[in-house]
Amino acid sequence: GICKVWVEVEQLPIGTDNELEAQAVVLAATADRQYDNRAHEARNLFDAWTSYKKARLYFEAMDSRADEYDIVRAKLRDSQRDLDEQCAKTLLRGQGLEQAGKTSEAIQAYKEGQRFFPDKQHECFQQLKDRLNNLE
């Protein structure tokens, strides 16, 4: 069957192609820095993902596609995959601790995982919140 289907509705930014491209390039460069530093701070990966999403919107608002558009889309896919892997790893670790009867350690694992998902833009934010609500 089909699972994990969602629809995103975003307001496209307004401007000339030159203005939109300039802003998209700035956002993509910021995202690249954040992604390159993802091992240094937990939320950098999340911030890179959100910056790539914004850059993609600016590119999509242009009348003609810039060359960088496909690169940003690929980097967005990569950062999404990395976030999903981080989420799965965090949830698996916490659930393993729960099953072993180590509730306080599971709570700590979920709280550490929240550093990677600071707001509800990624589904893991709510999943971690739900796990914590069940345990605390």
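## Exercises around helix H3

Ser79 has a relative accessible area of 0% and is therefore buried (buried is under 20% relative accessible area, exposed is over 50%, and partly exposed lies in between, with a 1.4 Å probe and protein chains only). The model is predicted, so local features need pLDDT of at least 70 and side-chain atom pairs count only at pLDDT 80 or more, while totals for chains, interfaces and linings use all residues. Residues are numbered from 1 along each chain as its sequence is written, and side-chain values use heavy atoms, with hydrogens and water left out.

**Exercise 1.** Place Ser79 in the structure and list what Ser79 touches.

Solution.
- Step 1: Ser79 is found in helix H3. Helices are DSSP runs (H or I, at least four residues), as strands are (E, at least two), numbered from the N terminus.
- Step 2: Leaving aside residues up to four places away in sequence, Ser79 touches Tyr35, Leu45, Trp49 and Tyr52. Contact means heavy atoms within 4.5 Å.

**Exercise 2.** Describe the span of H3 and the packing of its buried residues.

Solution.
- Step 1: H3 has 32 residues, and from its first C-alpha to its last the helix reaches 46 Å. This is close to the 46 Å expected at 1.5 Å a residue, where the expected span is 1.5 Å times one less than the number of residues.
- Step 2: The buried residues of H3 include Tyr69, Leu76, Ser79, Asp82, Cys87 and Leu97.
- Step 3: The partners against which the buried residues of H3 pack are helix H1 (17–36), helix H2 (43–61), helix H4 (103–114) and H5.
- Step 4: Just after H3, Gly101 takes a positive phi of about 80°.

**Exercise 3.** How many disulfides does the structure hold, and which residues form a disulfide?

Solution.
- Step 1: The structure holds one disulfide, defined as a pair of cysteine sulfur atoms within 2.5 Å.
- Step 2: Cys87 and Cys124 form this link, with their sulfur atoms 2.1 Å apart.
- Step 3: The pair links distant parts of the chain, 37 residues apart: Cys87 is in helix H3 (residues 68–99) and Cys124 in helix H5 (residues 123–135).
- Step 4: The link of Cys87 and Cys124 is right-handed, with 90° about the S-S bond.
- Step 5: Both cysteines, Cys87 and Cys124, are buried.

**Exercise 4.** Locate the salt bridges of Asp32, Glu85 and Arg131, and give the placement of each pair.

Solution.
- Step 1: A search of the whole structure finds nine salt bridges. Each is a side-chain nitrogen of Lys or Arg within 4 Å of a carboxyl oxygen of Asp or Glu.
- Step 2: Asp32 forms a salt bridge with Lys75, and their closest N and O atoms are 3.0 Å apart. This pair links distant parts of the chain, Asp32 in helix H1 and Lys75 in helix H3, 43 residues apart. Asp32 counts as partly exposed because its relative accessibility is 24%, and Lys75 counts as partly exposed at 29%.
- Step 3: Glu85 pairs with Arg81 in a salt bridge, the closest N and O atoms being 3.8 Å apart. Both lie in helix H3, four residues apart, about one turn of the helix. The relative accessible area is 46% for Glu85, which is partly exposed, and 41% for Arg81, also partly exposed.
- Step 4: Arg131 forms a salt bridge with Glu98, with the closest N and O atoms 2.5 Å apart. Arg131 lies in helix H5 and Glu98 in helix H3, so the pair ties together parts that are 33 residues apart in sequence. Arg131 is partly exposed, with a relative accessible area of 21%.
- Step 5: Asp78, Arg81, Asp82 and Glu85 are joined into one network by salt bridges that share partners.
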